[in-house]
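Trainee: I'd like to learn how to read a protein model feature by feature. Could you walk me through one?

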Amino acid sequence: RPDILNLIQAINATREAPNAPTIIALDLPSGLDCDTGRPAQPTVHADLTVTFAAPKIGFSQPAAWPYLGKFQVADIGIPPELLDQIRNL
């Protein structure tokens, strides 16, 4: 969609500005596929990605790395044993 394209391009353009703001993605950068790690055209280049509960599968793919920046996992109260059960499916 043109409006999303324009928004992502504007966000990414701020990286080049003097005193550029820190770009923080919540859950995953817009445009990044969480399962494959493949970026769409365009995809937000985050400085920091705060994802919830566990890293997304696609975060392990080299194609995703330029878009994630540093990433942190935020605890949202999901019991660790439930996460383990899901990982073992």
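Mentor: Let's begin with one residue, D47, whose relative accessibility of 30% makes it partly exposed. The scale goes like this: buried is under 20% relative accessible area, exposed is over 50%, and partly exposed is in between, using a 1.4 Å probe and protein chains only. Before going on, note that this is a predicted model, with residues numbered from 1 along each chain as its sequence is written. Local features need pLDDT of at least 70 and side-chain atom pairs 80 or more, while totals for chains, interfaces and linings use all residues; side-chain values use heavy atoms, leaving out hydrogens and water.

Trainee: What does D47 form a salt bridge with?

Mentor: General idea first: side chains of opposite charge can pair when their charged atoms come close. A salt bridge here means a side-chain nitrogen of Lys or Arg within 4 Å of a carboxyl oxygen of Asp or Glu. D47 has R15 as its partner, and their closest N and O atoms are 3.1 Å apart. The pair ties together parts that are 32 residues apart in sequence, because D47 sits in the loop between strand 1 and strand 2 while R15 sits in the loop between helix 1 and strand 1. R15 is partly exposed too, at 34% relative accessibility.

Trainee: Where do those helix and strand numbers come from?

Mentor: They are DSSP runs counted from the N terminus: helices are H or I with at least four residues, and strands are E with at least two.

Trainee: Okay. How many salt bridges does the structure hold?

Mentor: There are 3. K56 and D27 make one of them, with closest N and O atoms 2.8 Å apart. That pair also links distant parts of the chain, since K56 is in the loop between strand 2 and helix 2 and D27 is in the loop between strand 1 and strand 2, 29 residues apart. K56 is buried at 18% relative accessible area, whereas D27 is partly exposed at 23%. Another bridge joins D3 to R1, at 2.9 Å between the closest N and O atoms. Here D3 is partly exposed at 46%, and R1 is exposed at 70%.

Trainee: Now the sheet. In what order do the strands sit, and is the pairing parallel or antiparallel?

Mentor: Strands of a sheet pair through backbone hydrogen bonds, either parallel or antiparallel. In this model, 3 strands make an open sheet in the order 1-2-3, with parallel pairing. Strand 1 and strand 3 are the edges, each pairing on one side only. From one strand to the next, the twist averages 20 degrees. Two strands count as paired if DSSP finds at least two bridges between them. Strand 2 (residues 48-52) has 5 bridges to strand 3, and V50 has Q72 in strand 3 as its bridge partner.

Trainee: Which residues form the nonpolar patch on the surface?

Mentor: Patches are built from residues with over 30% relative accessible area and no salt bridge; nonpolar side chains (Val, Leu, Ile, Met, Phe, Trp, Tyr) are joined within 5 Å, and like charges within 9 Å. This one holds I24, L26, F52, I76, I78, L82, I86 and L89, with about 800 Å² of accessible area together. Those areas come from the Shrake-Rupley method with a 1.4 Å probe, and for residues only the protein chains shown count as cover. Strand 1 (24-26) and helix 3 (80-87) supply at least two patch residues each. I76 is found in the loop between strand 3 (70-74) and helix 3.

Trainee: What about backbone oddities?

Mentor: Most residues other than glycine have a negative phi, and most peptide bonds are trans. D27, not a glycine, has a positive phi of about 80 degrees. A53 also has a positive phi, near 75 degrees, and lies in the loop between strand 2 and helix 2. The peptide bond from Q41 to P42 is cis, with omega near 5 degrees, and P42 is in the loop between strand 1 and strand 2.

Trainee: Last one: which element has the lowest mean pLDDT?

Mentor: pLDDT is the predictor's confidence in each residue, from 0 to 100. Helix 3 has the lowest mean, 86, and helix 2 (residues 65-68) has the highest, 98. Across the protein the average is 94, and 100% of the residues score at least 70.

Notes:
Axes are lines fitted to C-alpha atoms, for helices over the stretch in contact, and angles run from 0 to 180 degrees between N-to-C directions.
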